[in-house]
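Reader: Hi! Could you walk me through this one with me? I have some quick questions once it's on screen.

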Amino acid sequence: MLIFLGRLSRIWTEDFDTMSPGRAGGCSSPERHRASCRTPCLPYQESFSDLRKNKRKLAVGFLIYIWLLALVVVLAFLLLFGVLQSISFGPLDLAACHPDGTFSFLREAYNPWAASGFFQINLAFGSLTYTDVKTIDILWDIVVGRGGQALLSIASWRVFSNYVATSIAVRPVTYTTFHTIFLETGPSIASVYRLARDFLLQSSLDSTPATVFIVWSMLFILGWPTFAGAATGYTPTTNPFILTFDGNYVLFSYFQFKPDAGNLTSTTPHDVYWMFSNQLYSLSYIQENGQCQPVRNRFKWGFSFLQIFILVIGLLVWTFGTCLLWLQSRIRLPFQDQLEIPRGYKGWLLFADTIVRQLKWAGFDARSLMNSQMKTAIRKSLRRGAISLKASFQPATIRSWVAEERPWFIALAVDVTIAIVLASIQGATVARLVMSKELATVAQIIDQFAQVLFTPQGTSLHFICGALLSSSFGLLVAINIGTSTRSRLFLLSCCTVLGLLIVLTIYLSLDGSYVSSLSSRALLLTYL
C-alpha cells in the first residue's frame, strides 16, 4: 500500500504531457489542450474537464452505486431480522402471537426460515383498515411490480443490445435472436422460448455465461410483477387472549406480571406467574389456554420474509450480471469504424437486407414469397438464418482492463476489505454484548444495539466506515472518469471529503432526545 501511495505521489508531480496516450484528457476545452502541452493543467482543471465530458456516465454510476448500497443494506436488515427471530436471547418472548397465528411464549415455536412460512406475511407493520392495506397493495403492484418491470426491461435491453452487438461481430446469431434483442423492447414468454431454443440448438453468444445470464434475466424480468406481488400482502392484526378460571377470554394485557413470583428472563420458565382478579396463572396454564384472535377491521401490511429475501438476492444477481455485461461492452465499444449499433430503424434495415440477400443466395426471391413460405425457407434452407456485423473493436476484456488499472483496483480491494473487517468487528461486539444479556424482546435487543452504536468506539467506526464508503465510490469515479492520475487523485479526495461531511452532518443533526427514543434508534440502526 505504501509503494502504491508513493507511486501516486510521484506521478502527481509529473507534467500532464508525461501521461499515457490513452489518458489524454486536456484542460477545460480542446482548444486549451495544445496550450496544456506547454503549461501543465492544475489537478482540479483536469478533473472538471473530465466531469464535464462524462456527466451522464457519472450520474448513471452514482445511481448504480446507490442502488447496490441500498440492496446490501436491505439484505443485511433481512439477515438481522432472521437471526434475531430465530436465535433465543432468552427463554421467553413477550410477543405471544406469532405471524402464523399461533400463541406461544417460546421463541423456538416459530422460525422465519422454515419453508412452511414461505407464503406467510411475517414482516408486517401498522394497524390499518382494509381500505388502507388494499390501497397500499394495489399501489405496490402498479409502481413496484409493473413499473419495476419496465425499468428492468429498459436497463437490460440497452445493455443486452450493446453486448450482443460486440458478440455478433465475432460470431453470428440467428434472425430470431437478432429480432428479440435489437427490435423488441422487453421479454415475453414466446421470445424467451425462441431465444433459449436458438442458443441451445443453433448459435449462442461468444460467452456461455453471458448467454445463460441473458436467458435468466429475461425470465426474471418476465416474472417480476408476480414475484413482487406474491412477496407482499396483508394479514389481520391479532391480540393474545387468555381463558380465565371462570371460563372467559380476557385480553392478556390485563394480566399483571408478578416480579416476586418469577422472572421473564429466568432459566426456569415454569416459575413465571401472572395475576388477574387476585388469582395467579402459571406459564404452563397460559401456554395451554391462550389463543390469538383477530382485531375487527384492523390489518397489517408487509412482506413474506423468505420471498423478499430471495427477491433481493435475485436483484443483486441481476445487478452484478448486468453491470458486468455493460462493462464488457463499454470496454469494446465504440467500434473502430464508428459503426452504429443496429437499434430502431437501423436494425430493421440491417435485418431486412440480410434476409433478402441470404434468401437470394439460397435461390429465393424474397419479394415474391408469402409469409408462410418465407418462414419455411428461413427455417429449412437458411437454418434460421445467420446475421452478423462487419465491425472491428479492441480485443479487450474485463480481465485485461483490470490488469491495466491494477494499482487502482488494489486500492479498491483494500478499501472494501477494511470496511468489511470493521463492520464484522462491530457486529461481533454487538452480538457478544447482546448474547451476554438475556433480553426478552426484540425491542430491547434494538435498544442494546443503539446503545453500542453511540459509544465512542462505535462513533469512530461510523466515521471510518463513512470514509471507506466514500473513498470506494471515489475510486470507482476516478477509474471510470479520470483521464490522468492527478485528475483521479483529485476526484478521489473530493469524494472522500464530501462523504465525511455528509456523515458528520447526519450525526450532528441527531440531538440527544432524538437518539434516546427507541423508535429513532431502530431507524438509525436500519440506516447504518
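Reader: Which hand does the link of Cys97 and Cys292 have?

Author: The link of Cys97 and Cys292 is left-handed, with -110° about the S-S bond. Keep in mind that this is a predicted model. The S to S distance between Cys97 and Cys292 is 2.2 Å.

Reader: Thanks! Which parts of the chain does the pair link?

Author: Distant ones: Cys97 is in the loop between α4 (55–86) and β1 (123–128), while Cys292 belongs to strand β7 (residues 290–303). The two cysteines are 195 residues apart.

Reader: And are Cys97 and Cys292 buried or exposed?

Author: Both Cys97 and Cys292 are buried.

Reader: How many disulfides does the structure hold?

Author: The structure holds 1 disulfide.

Reader: Then what about Cys494: why no bond there?

Author: The closest cysteine sulfur to that of Cys494 is in Cys495, and at 6.9 Å it is too far for a bond. The cut-off for a disulfide is 2.5 Å between sulfur atoms. Cys495, likewise, is in no disulfide.

Reader: Is Cys494 buried or exposed, or partly exposed?

Author: Cys494 is partly exposed, with a relative accessible area of 38%. Cys495, on the other hand, is buried, with a relative accessible area of 16%.

Reader: New topic, the core. Which residues have the most contacts inside the largest nonpolar core?

Author: Those are Phe178, Phe182, Ile214 and Leu325, in a core of 59 residues.

Reader: What is Phe178 in contact with, leaving aside its neighbours within four places in sequence?

Author: Phe178 is in contact with Ile168, Val173, Leu183, Pro342, Gly347, Leu350, Phe351 and Ile387. Apart from the largest core lies another, of 15 residues. Among the residues of that other core are Phe255, Val272, Leu283 and Cys292.

Reader: Nice, Cys292 again. Now the sheet: in what order do the strands come?

Author: The order is β1-β7-β2-β3, with 4 strands forming an open sheet and antiparallel pairing. At the edges are β1 and β3 (249–251), each of which pairs on one side only. From one strand to the next, the twist averages 55°. Strand β7 of this sheet is the strand that holds Cys292.

Reader: How many bridges join β2 to β3?

Author: There are 3 bridges between strand β2 (residues 232–243) and β3, and the two strands run antiparallel.

Reader: Last one: which residue in β3 does Leu243 stand opposite?

Author: Leu243 stands opposite Tyr249.

Terms used: Residues numbered from 1 in each chain as written. Predicted model: local features only at pLDDT ≥ 70, side-chain atom pairs only at ≥ 80, totals over all residues. Heavy atoms only, no water. Buried < 20%, exposed > 50% of the residue type's maximum accessible area, 1.4 Å probe, protein only. Core = buried A, V, L, I, M, F, W, Y, C linked by side-chain atoms within 4.5 Å. Contact = heavy atoms within 4.5 Å. Pairing = 2+ DSSP bridges. Axes fitted to C-alpha atoms, helices over the stretch in contact; angles between N-to-C directions.
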